[in-house]
Amino acid sequence: MNKGFDQNYFEDFHVGQTFECPTPRVLTNADRALYIAFTGDRMPRFCDAHNRIHPLTVFHTVLSQTVKPISFNAVANLGYAEVAWRQPVHIGDTISTTATIIGLKENSGRRDGIVYVRTVGKNQWNEVVLEYVRWVMVRKSREYATPYLDAPVVPGLQSALAPKRLTLHPPDQCYHKATGGKYFYEDYEPGERIVHLGTVTVSEAEHMSFTRLYQNAARLHFETIPPHTAPVVFGGYAISLGYALSFIGLENRLGLVGINSGVHPHPVHAGDTLACFTDVIEKVEVHPHVGLLRLRLVVVKNYMLGVEMPFEPQHEDATGKQVYNDHVVLDLDYWEPVITRAHTSSRPA
């Protein structure tokens, strides 16, 4: 066997298999600066002197560490569930990751299958900083049927994380003065839609550089070899660009703490222009100074969103099945802590 072709295909996995993922990584101030450079993210608490690492930087680091054993031969990254940040990560922390196969489902065409993997990222003290489930479509190297064609294993997943299980961190004093935002937890209501001002066009150099930054070597992000006619943008980049765009109108947020579900209905390619809106789903009072919002971030490509232009992410097809609008590239259901007005009048300890 050619040593340089050591990689896993769908048929190499079995349920219960666990991988210690390469390569542990120290996160530095350069990671903070580069994240801002690639996304334009403006959240003050992730560029101030407290040395916090952005939650999505942690997410991308952990996910990318699973690429070599799990998704090097991915056709598409499909979705996420039960994503929970358990500990804050700071400059100088070392992140390492384990991945366990919890489900396998071979597709009827016998060319690929869906791999369900539970991922756990830890710091240098062996504390869990992030855990989640994702599912990814992976190529097969041969067309013979695996046991998971007729007897697939599909794990049951929570529809939403319980707010009481989320890890919250108190806001800094006078945080609202740093954000420039005028809306607080009390100002948001379930059923409200926030159409965020601004768009961003994805360039080939930026999306490939962002992917390399996290040492993600999945072939689909760099190749034009069939079945891909053009490199597919790393789904994490679409998440980060959408989240950065959604800052306007949600300035007093504190950083996402959990993702209930996330899907990439359609791919993003270089040249696509992204825009987004946020639907407020639920409010939960958890602390006099902080409330939790359950939000739905929808990112679209090549479509100009506007307040006077109703846009529905999904519709029924001819069979009555709910399908996504062709413009939708991300549908993310997540929990976000937001400061209350009471915090603005609190005195420093």
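**Reasoning through angles, burial and contacts**

Trainee: Let's begin with T23. Where is it placed?

Mentor: T23 sits in strand β1, residues 18-26. Bear in mind as we go that this is a predicted model.

Trainee: What makes the peptide bond from P22 to T23 cis?

Mentor: Its omega is near 0 degrees, and the bond is described as cis.

Trainee: Now to the helices. Why is α2 called roughly antiparallel to α7?

Mentor: The two pack at an angle of about 175 degrees, with their axes 11 Å apart. Angles over 145 degrees count as roughly antiparallel, so α2 is roughly antiparallel to α7. On the α2 side the contact is made by L56, F59 and H60, and on the α7 side by G236, I239, S240 and Y243.

Trainee: Which classes of residue does the contact of α2 with α7 have?

Mentor: Four are nonpolar, three are polar and none is charged.

Trainee: And why is α6 called roughly perpendicular to α7?

Mentor: The axes of α6 (residues 204-213) and α7 (residues 235-245) cross at roughly 110 degrees and come within 9 Å. The range for roughly perpendicular is 65 to 115 degrees, and therefore α6 earns that description relative to α7. E206, H207 and F210 of α6 make this contact with G236, Y237 and S240 of α7. The residues here divide into two nonpolar, three polar and one charged.

Trainee: What makes helix α2 mostly covered?

Mentor: Eleven of its eleven residues are buried. Among them are P55, H60 and Q65.

Trainee: Which residues have the most contacts inside the largest nonpolar core?

Mentor: They are F59, I70, W85, V115 and L130, in a core of 74 residues. Setting aside neighbours within four places in sequence, the partners of W85 include L56, F59, L130 and I259. In general, nonpolar side chains tend to be buried together in soluble globular proteins.

Trainee: How do you know whether D331 is buried or exposed?

Mentor: Buried means under 20% relative accessible area. D331 has 8%, so it counts as buried. This residue lies in strand β13, residues 328-339.

Trainee: Which side chain joins that of D331 in a polar contact of 2.7 Å?

Mentor: The side chain of R296 does, and there is also a polar contact of 2.7 Å with the side chain of Y324. The cut-off for such a pair of N or O atoms is 3.5 Å, so the 2.7 Å to R296 falls within it.

Trainee: Why does D187 count as partly exposed?

Mentor: Partly exposed falls between the 20% and 50% limits, and D187 is at 28% relative accessibility, which means it belongs in that class. D187 lies in the loop between α5 and β6, where its side chain makes a polar contact of 3.0 Å with that of R341.

Trainee: What is notable about phi of R110?

Mentor: Phi is near 65 degrees, a positive value in a residue other than glycine. R110 is in the loop between β3 and β4. With a relative accessible area of 37%, R110 is partly exposed.

Trainee: And what is phi of Q215?

Mentor: Phi is about 60 degrees, again positive although Q215 is not a glycine. Q215 is found in the loop between α6 and α7. Its 47% relative accessibility does not pass the 50% limit for exposed, so Q215 counts as partly exposed.

Notes: Residues are numbered from 1 along each chain as its sequence is written. This is a predicted model: local features need pLDDT of at least 70, side-chain atom pairs count only at pLDDT 80 or more; totals for chains, interfaces and linings use all residues. Side-chain values use heavy atoms; hydrogens and water are left out. Axes are lines fitted to C-alpha atoms, for helices over the stretch in contact, and angles run from 0 to 180 degrees between N-to-C directions. Helices (H or I, at least four residues) and strands (E, at least two) are DSSP runs, numbered from the N terminus. Angles under 35 degrees count as roughly parallel, over 145 as roughly antiparallel, 65 to 115 as roughly perpendicular and the rest as oblique. Contact means heavy atoms within 4.5 Å. Ala, Val, Leu, Ile, Met, Phe, Trp, Tyr, Cys and Pro count as nonpolar, Asp, Glu, Lys and Arg as charged, and the others, Gly among them, as polar. A nonpolar core is a set of buried Ala, Val, Leu, Ile, Met, Phe, Trp, Tyr and Cys residues joined through side-chain atoms within 4.5 Å. Buried means under 20% relative accessible area, exposed over 50%, partly exposed in between (1.4 Å probe, protein chains only). A polar contact is a pair of N or O atoms within 3.5 Å; within protein, one must be able to donate a hydrogen and the other to accept it, and residues adjacent in sequence count only if both atoms are side-chain atoms.
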